[in-house]
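Open the model in your viewer and keep the sequence panel beside it. The stops below say what to select next and what is there.

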Amino acid sequence: MKNQPSLTPEQQKIMASILGDHMSGPTYVQVEVPTKCKWYAIDTLEVRPFTFEDERDVLSPANKNKNFLNLLLSKCVKGIDVHDLFMIDRDFLAYKIKEISTGAEVRMEITCESCSKKSLLEVDLSVLKTKPFEQKLPLEATLPHLKKSIKLMPPRVKDEDFLTNFQLLTSNLWRFIEEIDGVSDETIINAIVEKLPVTDVHFILKTIGLQDFGLQTGLNYICACQHETEVEVSLTENFFGLT
């Protein structure tokens, strides 16, 4: 941002009369994330709306190669490094920041898979339900095919580079496995993963994805032709109104 000229006391008074409460900048509010901060060094998290200055910064050419969502959240989340958040908490906070910044309404264009008709769907984010994650970590389970015990850790934002596509995720699956049948050696676990039955691989992927927890962003949409489909309210620059 360019340096702003100094204002006289009278000019500051006029500015304050126009901006009102916005003069001092956005206010932080406490939010309860799906994990309830059980595995963080803090007990609560605070967020604030993003500002026009934040918007200009995250969309500037200098940041075009950075993850816009993580960069935006890093400006609006207080109390923790965004990269230390579990993914379900990061995504929850993104929706919450959108809601307090530009409103809870999201418009989505839907194309019916049955009749190909396009419709505009208006979603109120405030009605989306959140299911808290209250299990212990690491997650303890039994592989459905091998019947062996396994301990798993869900991914954090810092692991996001390993989640960008199926090939990367499956090649790095060992990173989210703490133990298989009492074995914790990473080299052995990596070798085991390569030989796992596909049923067990899919079980691990579903378990660490925590799809049944956090903000539930899937909605059932019924077209005028009566065809019903599930719609996902996804995170994009347009979701935040940044483009």
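**The whole chain**

Among contacts (heavy atoms within 4.5 Å) between residues at least 6 apart in sequence, 61% join residues at least 24 apart. This is a predicted model, in which local features need pLDDT of at least 70 and side-chain atom pairs count only at pLDDT 80 or more, while totals for chains, interfaces and linings use all residues. Residues are numbered from 1 along each chain as its sequence is written, and side-chain values use heavy atoms, with hydrogens and water left out.

Show the C-alpha trace: along its principal axes it spans about 75 × 50 × 35 Å. Switch to a cartoon to see seven helices and twelve strands. These are DSSP runs numbered from the N terminus: helices are H or I with at least four residues, strands are E with at least two. Of the 243 residues, 38% are buried. Buried means under 20% relative accessible area, exposed over 50%, and partly exposed in between, with a 1.4 Å probe and protein chains only.

**The core**

Select Leu 45, Leu 93 and Ile 204. These residues touch the most other members of the largest nonpolar core, which has 65 residues. Helix α4 (residues 87-102) supplies the largest share of this core, seven residues. A nonpolar core is a set of buried Ala, Val, Leu, Ile, Met, Phe, Trp, Tyr and Cys residues joined through side-chain atoms within 4.5 Å. In soluble globular proteins, nonpolar side chains tend to be buried together.

Stay on Leu 93. Leaving aside residues up to four places away in sequence, Leu 93 touches Val 31, Val 33, Leu 45, Val 47, Leu 73, Val 77 and Leu 85.

**A three-stranded sheet**

Next, colour β1, β2 and β3. They form an open antiparallel sheet in the order β1-β2-β3. The edge strands, each pairing on one side only, are β1 (29-31) and β3 (77-78). Two strands pair if DSSP finds at least two bridges between them. Strand β2 (residues 45-47) pairs with β3 over two bridges, and Glu 46 has Lys 78 in β3 as its bridge partner.

Now select Glu 32, in the loop between β1 and β2. Is Glu 32 buried or exposed? Glu 32 counts as exposed because its relative accessible area is 56%. Add Pro 132: the two residues are 100 apart along the chain, and their C-alpha atoms are separated by 9.3 Å.

**Two hairpins**

Move to strand β4 (residues 105-111), which pairs with β5 in the antiparallel sense over seven bridges. Arg 107 has Glu 122 in β5 as its bridge partner. Six residues lie between the strands of this hairpin, and Ser 116 in the turn has a positive phi of about 70°.

Show the side chains of β5 (residues 118-124). Ser 119, Leu 121 and Val 123 point to one face and are buried, while Lys 118, Leu 120, Glu 122 and Asp 124 point to the other and are not.

The other hairpin joins β11 (residues 218-222) and β12 (residues 228-232), which pair in the antiparallel sense over five bridges. Gly 218 has Glu 232 in β12 as its bridge partner. Five residues lie between these strands, and Gln 226 takes a positive phi near 80°.

**Last stop**

Select Ile 192 in helix α6 (residues 186-195). Ile 192 is classed as partly exposed because its relative accessible area is 27%. Trp 174 is 18 residues from Ile 192 in sequence and 8.8 Å away in space, C-alpha to C-alpha.
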